Structure formats: C-alpha cells, structure tokens
Amino acid sequence: MPSQIAGPEIERLIQLLARLPGLGPRSARRAALHLIRKREQLLDPLAEAMRVAHDRISTCSVCGNVDTRDPCTICADERREGSMLVVVESVGDLWALERADATRGRYHVLGGVLSPLDGVGPEDLNLASLVARVAAGGVKEVILAVNATVDGQTTAHYVTDLLAPHAVEVTRLAHGVPVGGELDYLDDGTLAAAMRQRTAF
Ligand SMILES: [Zn+2]
C-alpha cells in the first residue's frame, strides 16, 4: 500500500471525490488539491451549496423529479403543456431533454426500467402514479422517452399495455441517424431502424 501523503481529513475528501461519476483516484486528487487551493472561492461555497441541497432536496410527489420544492419547478410551471406527458427513466434524462429544450410538455420519471435480470419489476417503478395521472384526465399524449436499450424498450411496451384502457395516444422517440451523423459510422441496428422510421420531407 502506498504511504499516505496527507492527513486523514484530506484523504477522506479524496476518497469521497473519487466516488463521483467520471472521477477516478487521480482526478479526485487533482480536484481535492484544487478545492484546497481555492478554499474561499470554491471549497467554502461548495460545502455550503452541498449542505443546503442536502437539507432541501426532495422527490416531487407529482412526477418523481428531484428538486428543492414539491411540486417541482416544472410541475408548478403553469405554462407547461399539460396535455403532453413525457415519460423518462431518470432525472438525468429529464435534465437532458430540458437542456435540449426538446419539449414543453410535463414529465413523469419512472425511476428506472424493467429489468428481470436485475430483479426490477413493475412495482419498483413509478407506474401507479403515471396511470393515476393519465386516468385523472387532461393528458392527450404520453411520449415514451426511454432509452433505446432492450430494458428501455421492454419498459415502453409494458407502459403502452398499461395505458391501453385509457383514451390517450402513446408515442415513442424515433430511432435513427443522429444529427450530424454519417451513415457509414452507424451500427446496423440504428441504420435499419432509421430506414424503417423514415419520414416524408
Ligand atoms: Zn414534478
């Protein structure tokens, strides 16, 4: 085992930083050193922001989003289109769609996907509240913005069946050529899906 280069407090900071996605031990050390050097500009405000976030963050009781208010900022925004419900797997996916300004609809976060191999069943997902929202009326279209993975598509089929008794149109995202993508570099599955889902000019 390599000898320690700093006291236990700093070692602990490095160990915790190393658990963040995208940070290995090496970059965690760099981040820790950066924070220590920028103690007043960065370390103090970061510690305070983390403490406030920890105290105030909750899960939205309507859509499953994470925010510091309940209902969340998006659910509370009356300008959002209530007739369109965008179903996503995770808060990260919701953030991605918002970043892209892809929809003015409202969201519903499933909190995962069906995965028999990992023991994730329908009761583990935010499905009952989805059906309740649709049953309450006002929703005309449910957009299944789930990942184009096997589990994601399995989940999409399951949700479609679940919503079949309700008078709502269920759509899903198109699969195909990415913006700026070159055909020669696409995998066979994507190319075939893009051909199947071609649209008129
Ligand atoms: Zn919400």
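User: How many salt bridges does the structure hold?

Analyst: This is a predicted model, and it holds 5 salt bridges. One of them pairs R29 with E11.

User: What makes R29 and E11 a salt bridge?

Analyst: Distance and chemistry. The cut-off is a side-chain nitrogen of Lys or Arg within 4 Å of a carboxyl oxygen of Asp or Glu. The closest N and O atoms of R29 and E11 are 3.9 Å apart, so the pair qualifies. The two sit in distant parts of the chain, R29 in helix α2 and E11 in helix α1, 18 residues apart.

User: Buried or exposed, what do we call E11, and what about R29?

Analyst: Buried means under 20% relative accessible area, exposed over 50%, and partly exposed in between. E11 comes to 9%, so it counts as buried. R29 has 37%, so partly exposed is the label there.

User: What else does R29 touch?

Analyst: Leaving out residues up to four places away in sequence, R29 touches I5, E11 and I14. With I14, the C-alpha atoms are 5.6 Å apart, although 15 residues separate the two in sequence.

User: How do you know that E48 and R51 form a salt bridge?

Analyst: Same test. Their closest N and O atoms are 3.5 Å apart, and the limit is 4 Å, so they pass. Both lie in helix α3, 3 residues apart, which is about one turn of the helix. E48, R51 and D55 are linked in a network of salt bridges.

User: Why is R79 called exposed, and which label goes to D77?

Analyst: R79 has a relative accessible area of 68%, and over 50% is exposed, so that is its label. D77 has 16%, which is under 20%, so it counts as buried. These two also form a salt bridge, with the closest N and O atoms 3.2 Å apart.

User: On to the metal. Which protein atoms are the donors of the zinc ion?

Analyst: The SG atoms of C60, C63, C72 and C75, lying 2.3 Å from the zinc ion. The cut-off for a donor here is 2.8 Å, so they count. Along the chain they follow the spacing C-x2-C-x8-C-x2-C. C60, in the loop between β1 and β2, and C72, in the loop between β2 and α4, are 12 residues apart.

User: Why is the arrangement around the zinc ion called tetrahedral?

Analyst: The 4 donor atoms subtend angles of 103 to 115°. Four donors count as tetrahedral if all angles lie between 85 and 135 degrees, so the name fits. For comparison, the ideal angle for four tetrahedral donors is 109.5 degrees.

User: What makes C60 and C72 buried?

Analyst: C60 has a relative accessible area of 4% and C72 has 0%. The limit for buried is under 20%, so both earn the word.

User: Which peptide bond is cis?

Analyst: The one from D70 to P71, with omega near 0°. P71 is in the loop between β2 and α4.

User: What is notable about the phi of D101?

Analyst: D101 has a positive phi of about 50° although it is not a glycine. You'll find D101 in the loop between α5 and β4. At 59% relative accessible area it is over the 50% mark, so D101 is exposed.

User: Which residues form a nonpolar patch on the surface?

Analyst: V177, L183 and L191, with about 240 Å² of accessible area together. L183 lies in the loop between β6 and α8, and its 53% is over 50%, so L183 is exposed.

Definitions and conventions
Residues are numbered from 1 along each chain as its sequence is written. This is a predicted model: local features need pLDDT of at least 70, side-chain atom pairs count only at pLDDT 80 or more; totals for chains, interfaces and linings use all residues. Side-chain values use heavy atoms; hydrogens and water are left out. Donors are N, O and S atoms within 2.8 Å of the metal (3.2 Å for Na, K and Ca); water is not among the atoms, so sites may look incomplete. Four donors count as tetrahedral if all angles lie between 85 and 135 degrees; four count as square planar and six as octahedral if opposite donors are over 155 degrees apart and all others between 65 and 115; anything else is irregular. Helices (H or I, at least four residues) and strands (E, at least two) are DSSP runs, numbered from the N terminus. Buried means under 20% relative accessible area, exposed over 50%, partly exposed in between (1.4 Å probe, protein chains only). Patches are made of residues with over 30% relative accessible area and no salt bridge: like charges are joined within 9 Å, nonpolar side chains (Val, Leu, Ile, Met, Phe, Trp, Tyr) within 5 Å. Accessible areas come from the Shrake-Rupley method with a 1.4 Å probe; for residues, only the protein chains shown count as cover. Contact means heavy atoms within 4.5 Å.
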